[in-house]
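Biologist: Please walk me through how to read the features of this model, one at a time.

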Amino acid sequence: MANSFKLELVTPLSKALSQEVSFVMLRTTEGDMGILPNHSPFVAGLATGEMKIKSNGQESFYYVSGGFVEISNNIVTILADEAMDIKDIDLEAARKEAEIAKGKLERAAEDMDIANVQRSLTQALTKVKLAERML
């Protein structure tokens, strides 16, 4: 039995990560999910949140927003709308993003606008929260 599995993290812009890992915790649209080696096949939608990775006794953390996770044959493929190592989050830029989204939310006139702005606000506030933990 394998004690690790392949993790592939892909965004529309790049392959953000490709490595052997022993554990992944991420947020799906159904809730938080932990993945260990030899997990059964599975597909789920991703929610905005933090992804925790354990590899060679080290932990790393990523911001992940939107997309899907697929588990098959000890390969976990994450197709995310946006993903980045939380060390790479620009805290000031994320705070500005949150302020802009809050302002738009206050001015949003239609339900669709509100839903889009709320999603933007959630993404920006998640980045702020994760980046502040690195301080």
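Modeller: Happily! Let's begin with the vocabulary: helices (H or I, at least four residues) and strands (E, at least two) are DSSP runs, numbered from the N terminus. This is a predicted model, so local features need pLDDT of at least 70 and side-chain atom pairs count only at pLDDT 80 or more, while totals for chains, interfaces and linings use all residues. Residues are numbered from 1 along each chain as its sequence is written, and side-chain values use heavy atoms, with hydrogens and water left out.

Biologist: How many helices and strands does the protein chain have?

Modeller: The protein chain has 8 strands and 2 helices. Read from the N terminus, the order is β-β-β-β-β-β-β-β-α-α. Along the principal axes, the C-alpha atoms fill a box of roughly 55 × 35 × 25 Å.

Biologist: Now pairing. Which way do E7 and E8 run, parallel or antiparallel?

Modeller: Two strands pair if DSSP finds at least two bridges between them. E7 and E8 are antiparallel, with 10 bridges, and Tyr62 stands opposite Asp85 in E8. E3 and E4 are also joined in the antiparallel sense, by 5 bridges; here Arg27 faces Asp32 in E4, and a hairpin with 2 residues links E3 to E4. E1 and E8, in turn, run parallel and share 5 bridges, with Leu79 in E8 as the bridge partner of Val10.

Biologist: What is the phi of Asn73?

Modeller: The general idea is that most residues other than glycine have a negative phi. Asn73 has a positive phi near 50° and is not a glycine. Asn73 sits in the loop between E7 and E8, a hairpin with 2 residues between the strands. Asn56 is another case: its phi is positive, about 50°, and Asn56 is not a glycine either. You will find Asn56 in the loop between E6 and E7.

Biologist: Is there a way to tell inside from outside? For instance, is Asn56 buried or exposed?

Modeller: We use relative accessible area: buried means under 20%, exposed over 50%, and partly exposed in between (1.4 Å probe, protein chains only). Asn56 counts as exposed because its relative accessible area is 74%. Asn73 is exposed too, at 70%. Over the protein chain, buried residues make up 39% of the 135 residues.

Biologist: And the nonpolar core: how many residues does the largest one have?

Modeller: A nonpolar core is a set of buried Ala, Val, Leu, Ile, Met, Phe, Trp, Tyr and Cys residues joined through side-chain atoms within 4.5 Å. The largest here has 21 residues, and Leu26, Ile35, Met51, Val69 and Ile78 have the most contacts inside it. At least two residues of this core come from each of E1, E2, E3, E4, E6, E7 and E8. A second, separate core has 8 residues, including Ile86, Ile89, Ala94 and Val128.

Biologist: Which residues is Met51 in contact with?

Modeller: Contact means heavy atoms within 4.5 Å. Once neighbours within four places in sequence are left aside, Met51 is in contact with Leu9, Val24, Met25, Leu26, Ser60, Phe61, Tyr62, Val64 and Ile78.

Biologist: What about a polar residue? Is Ser65 buried or exposed?

Modeller: Ser65 is buried, since its relative accessible area is 1%. Ser65 belongs to strand E7. A polar contact is a pair of N or O atoms within 3.5 Å; within protein, one must be able to donate a hydrogen and the other to accept it, and residues adjacent in sequence count only if both atoms are side-chain atoms. The Ser65 side chain makes such contacts with the side chain of Thr48 at 2.9 Å and with that of Gln123 at 2.8 Å. Ser55, in strand E6, is buried as well, because its relative accessibility is 12%. Its side chain reaches the backbone oxygen of Glu20 at 2.9 Å.

Biologist: Last one: which residues of H1 are buried?

Modeller: In H1, Leu91, Ala94, Ala98, Ala101 and Gly103 are buried. At the start of H1, a side-chain oxygen of Asp90 comes to within 3.1 Å of the backbone nitrogen of Glu92.
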